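Colleague: Please take me through a few features of this model, with the rule behind each one.

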Amino acid sequence: MTRVRMGALMFVTSRPRVATAALAAPLFFAALAVTFAGQPQEKTATSGLGGPGPVVHGAPGDPLRDPQETHLRHVQQLTFGGQNAEAYFSYDGQRLIFMSTRPPYHCDQIFVMNPDGSNVRLLSTGKGRTTCGYFYPDGKHVLYSSTHAAGEACPPRPDYSHGYVWAVYSSYQIYYATDDGKIEKPLTAGPGYNAEATLSADGKKIVFTSSRDGDLEIYTMNTDGTGVKRLTYTPGYDGGPFFSPDGRWIAYRAHHPATQEEIAHDKALLANDLVAPNEMDLYVMHADGSDQRQITNLGGASFAPSFFPDSKRILFASNYEHPGSSQFELYSVNRDGSGLERVTFAGGFNTFPQFSPDGKKLVFVSNRNATAPHEINVFIADWDP
């Protein structure tokens, strides 16, 4: 993907159609950093991450909102510069946890801030690469994934001679920490990649992605790391899971290879901590893993699903209107796959949406108003149903 994070987004394509795989934030960003050579792009100045962000011609009182974004009001930019992603609310709605690559750090670290962008501070160790932070209900603890136990330096970028790939570092483990930065214990110990973790609304379960069984699958566990249960079993990538607010559903993104040759290729890459997704679609399942069903079939890459407060609709990001590019917009869809609606119209890169606990605010990341290539920032807006 591009250099956005999922840490370092960078789009690399050696195939005619490449899914951006906004999958593990830092990696997604890293992939986006590589522009798509040889592919014509419309609206070059606003399509992706290779140049300055799109200029939004909003109203005087709401300059960062495109007039077509009828569900958004009072769009505000919370971060300025660097690569910022995956901003998620605390359970009381009073803080945001997010990942960012900014000086003096060379790869993603976890930060917290207030919903107005004030009081930004580092929460992770400042070592290794981190991803996917999330608050516990008590507001005093968080979880996030980090490679710091395997080394203080940023892990090496993936080898793009394999084509469009991103790294799923086996050194990523999930940690339980206080909100002032003290790691209290690891919640996973390997083997393999363990990341993309979020909590249920009642704070009793964690859902996450792991390669511990030789494939990228979705698991749940108790909030102390016990009681691990595997939910998905289809060969390919299943990840980025989120619980619905009512706790009954999990939405996730997936790419399932269709042939034995493709499966073997994916396994060979995974053995080297790499994955090469081509297309991503959204799926839902019950919280116990039953009734798994695909709800989008759009082409391109769809990812970052997040439920509406009523648990009946899902917000997500997709480049299906510009497949193979880093031009993503936000869309909504019913849980059964009907009622697709476009939400953002700014152009460029818009993703990682999440509603505030009261459903009145939407936080997302975008390169609108960016002044430099690969710059991605956190935004917040009032939600107008």
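Modeller: Start with rings: those of Phe, Tyr and Trp (its six-membered ring) pair if their centres lie within 6.5 Å, and planes under 30 degrees apart count as stacked, over 60 as edge-to-face and the rest as tilted. The model is predicted, so to speak of local features needs pLDDT of at least 70, side-chain atom pairs count only at pLDDT 80 or more, and totals for chains, interfaces and linings use all residues. Residues are numbered from 1 along each chain as its sequence is written, and side-chain values use heavy atoms, without hydrogens or water.

Colleague: How many aromatic pairs does a search of the whole structure find?

Modeller: The search finds 19 aromatic pairs. Phe303, Phe328, Phe349 and Phe352 are linked by ring pairs into a cluster.

Colleague: Which ring does the charged end of Arg313 sit over?

Modeller: A charge sits over a ring if NZ of Lys or CZ of Arg is within 6 Å of the ring centre and within 35 degrees of the ring normal. Arg313 has its charged end over the ring of Phe308, 5.7 Å from the centre. Arg212 lies over the face of Tyr219, 5.4 Å from the ring centre.

Colleague: Which residues of helix H2 are buried?

Modeller: An α-helix has 3.6 residues a turn, so residues three or four places apart point the same way. In H2 (a DSSP run of H or I, at least four residues, numbered from the N terminus), residues 260-270, the buried ones (under 20% relative accessible area, 1.4 Å probe, protein chains only) are Ile263, Asp266, Leu269 and Leu270. They cover an arc of only 125° around the axis, taken from the directions from the helix axis to the C-beta atoms, and are therefore on the same side of H2.

Colleague: What does the face of H2 turned away from its buried side carry?

Modeller: That face carries Gln260 and Glu261, which are exposed (over 50% relative accessible area).

How values were computed:
Helix = DSSP H or I, 4+ residues; strand = E, 2+ residues; numbered from the N terminus.
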